[in-house]
Amino acid sequence: MQKSIRQTMILTGVGLALMMTGCSGVETAPSGKSLYDRLGGKPAITAVVDQFVVNVANDTRINGRFATTDIPKMKGHLVDQVCMATGGSCTYTGRAMRPLHAGMKITDGDFSALVGDLVAALDKFKVPAQEKNELLGILGPLKKDIVE
Ligand code: HEM
């Protein structure tokens with residue numbers, strides 16, 4: 001798995017031009033490949049989400065919040081969300097971000113902890129900086145709907 005992720009992504013030389021042109025939403029590299037494809041598609045996204053959930057489960061700053069969560073179901077929703085947001089042909093069927101997280105009193109610190117756990121998962125699979133930053137750039141704006 002790690003090998004194929006690396007191969008898929010390293011082959012794609014994506015410049016900073018895309019970010020500098022101010023593109024938002026689903027990013028497409030000059031190669032024409034979507035971020036979804038450059039990440040390695042659903043198998044790679046699933047591997048990263050699996051690792052992310054392991055990291056969150058071990059993160060004592062925030063793991064208590066997931067004590068009663070149906071983890072397999074949440075994982076499926078996270079994979080679909082990332083897949084759809086990066087240009088894959090998936091449909092996110094989970095709840096909308098704002099009502100889902102409303103009332104949880106999620107702080108900036110909680111959000112940073114969770115992003116750190118995601119970055120650690122991306123780094124474990126050696127996702128290159130370009131793709132990592134594009135993904136974080138897609139998820140970052142959700143903060144306003146999550147942090148209270
Ligand atoms: C960009 C950041 C985030 C994204 C994209 C995100 C996304 C999601 C998704 C897709 C689900 C599952 C939706 C569903 O089952 O319908 C979920 C559930 C959940 N999220 Fe987030 N989330 C983010 C940040 C956070 C943060 C910072 C916290 C708190 C530390 C948090 C706490 C939770 C909890 C506790 C659940 C489970 C709720 C339940 O058990 O029903 N989330 N999140």
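User: What makes the pairing of a ligand oxygen atom with the side chain of T69 a polar contact?

Analyst: The distance from that oxygen atom to an N or O atom in the T69 side chain is 2.7 Å, and a polar contact is a pair of N or O atoms within 3.5 Å, where pairs within protein also need one atom able to donate a hydrogen and the other to accept it, and residues adjacent in sequence count only if both atoms are side-chain atoms; therefore the pair qualifies. This is a predicted model, in which local features need pLDDT of at least 70 and side-chain atom pairs count only at pLDDT 80 or more, while totals for chains, interfaces and linings use all residues. Residues are numbered from 1 along each chain as its sequence is written, and side-chain values use heavy atoms, with hydrogens and water left out.

User: Why is H101 called a donor to the iron atom of the ligand?

Analyst: Donors are N, O and S atoms within 2.8 Å of the metal (3.2 Å for Na, K and Ca), and NE2 of H101 is 2.1 Å from the iron, so H101 counts, as the single donor from the protein. Water is not among the atoms, so the site may look incomplete. A polar side-chain atom of H101 also lies 2.9 Å from a nitrogen atom of the ligand.

User: How are the residues of the shell around the ligand divided by character?

Analyst: They comprise 14 nonpolar, five polar and three charged residues, where Ala, Val, Leu, Ile, Met, Phe, Trp, Tyr, Cys and Pro count as nonpolar, Asp, Glu, Lys and Arg as charged, and the others, Gly among them, as polar.
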